[in-house]
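Biologist: I should be grateful for a close look at a single part of this model. Please describe how one pair of helices is arranged, and then what lies around that pair.

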Amino acid sequence: MPLLMLDLDNTLIDRDAAFRAAVAAFLAGHRLPDTDLPWVMAIDAGGYTAREEVAAAMTDRYRDTAPFEAIHALLDHGAADRVVLRDSSREALERAQADGWTCVIVTNGRTVQQEAKIRHAGLDRLVQGWVISEAVGRKKPEPEMFHAAADTVGVPLTGAWVVGDSPHADIAGANALGLRSVWVSNGQLWVQESYRPTHVVEDVATAINYVIGAAR
């Protein structure tokens, strides 16, 4: 069974949209200006800023208006409680499995938070497994993450594909291992010159369907 490794945040799920909704609710709940929404999103940087740094920045800004516990609850559960799996993504995953693909989520992040997203979105019923950087002790694009994904389901990396939105974590990681890849652009332009994905698409459903139709 061929292996399909899929990123989670802003690939399988729209993590930024979920976090944006959580931040908007946080600001409204604490009577903070909604004009602060772009500031929080910029500090968060799509989830790439360390949680501790985001917490420190928000605590410093809102120390007199929002309790420390509320800020940490937002960062720990806000996005996870709001993630949604699109029907097209679910159907594409079902099609991949029906076609004999073994699907594994490969994601950087904290185990509790990432597993909460996976289960809340119902992805735990649509993939054969997942690996999370905190549990592995490595982060994408390090090859150990992709090897761990293959080991989790007992499928070799030979012939595997990587699908993700991060040029560095996903596509460079696949390239270093000689794996084929699909970059989920989310409307962005590819700017890297030293390496390229096998294919570029707008969304994860299209990516999965492309992989299914590609020669194995």
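Modeller: In this predicted model, helices α1 and α4 are roughly antiparallel to each other, because their axes cross at roughly 155 degrees and an angle over 145 degrees counts as roughly antiparallel. Helix α1 covers residues 15-29 and helix α4 covers residues 68-78, and their axes come within 10 Å. The crossing in which α1 passes α4 is right-handed. On the side of α1, the contact is made by A18, F19, A22, V23 and F26; on the side of α4, the partners are A70, I71, L74, L75 and G78. Sorted by class, this contact of α1 with α4 holds 9 nonpolar residues and 1 polar residue, with no charged residues.

Both helices also take part in the lining of the largest pocket, since α1 and α4 are among the elements that each supply at least two residues to that lining. The others are α3 (51-62), α6 (111-120), α7 (133-136) and α9 (167-176). The volume of this pocket is about 720 Å³. It is lined by 32 residues, and the closest to its centre are G47, Y48, T49, N108 and G109. By class, the lining of the largest pocket comprises 8 nonpolar, 11 polar and 13 charged residues.

Helix α1 contributes to the second largest pocket as well: α1, α5 (87-98), α9, β5 (180-184) and α10 (204-213) are the elements that give two or more residues to its lining. The second largest pocket has a volume of about 550 Å³. Of its 29 lining residues, N10, D165, V184, S185 and N186 lie nearest the centre. The lining of the second largest pocket divides into 12 nonpolar, 10 polar and 7 charged residues.

Helix α3, named above for the largest pocket, leads to another helix pair. The axes of α2 (residues 37-44) and α3 come within 9 Å and cross at roughly 155 degrees; α2 and α3 are therefore roughly antiparallel to each other. Their crossing is right-handed. Here W39, V40, I43 and D44 of α2 make contact with V54, A57, M58, R61 and Y62 of α3. By class, the contact of α2 with α3 has 7 nonpolar and 2 charged residues, and no polar ones.

How values were computed
Residues are numbered from 1 along each chain as its sequence is written. This is a predicted model: local features need pLDDT of at least 70, side-chain atom pairs count only at pLDDT 80 or more; totals for chains, interfaces and linings use all residues. Side-chain values use heavy atoms; hydrogens and water are left out. Axes are lines fitted to C-alpha atoms, for helices over the stretch in contact, and angles run from 0 to 180 degrees between N-to-C directions. Helices (H or I, at least four residues) and strands (E, at least two) are DSSP runs, numbered from the N terminus. Angles under 35 degrees count as roughly parallel, over 145 as roughly antiparallel, 65 to 115 as roughly perpendicular and the rest as oblique. A crossing is left-handed if the near helix is turned anticlockwise from the far one by less than a right angle, and right-handed if clockwise. Contact means heavy atoms within 4.5 Å. Ala, Val, Leu, Ile, Met, Phe, Trp, Tyr, Cys and Pro count as nonpolar, Asp, Glu, Lys and Arg as charged, and the others, Gly among them, as polar. On a 1 Å grid over the protein atoms alone, a cavity is a set of points where a 1.4 Å probe fits but cannot get out, and a pocket is an open set with protein on both sides within 12 Å along at least five of seven lines; lining residues have an atom within 4 Å of a point. Grid points are joined across faces, edges and corners, and a volume is the space filled by probe spheres set on the points.
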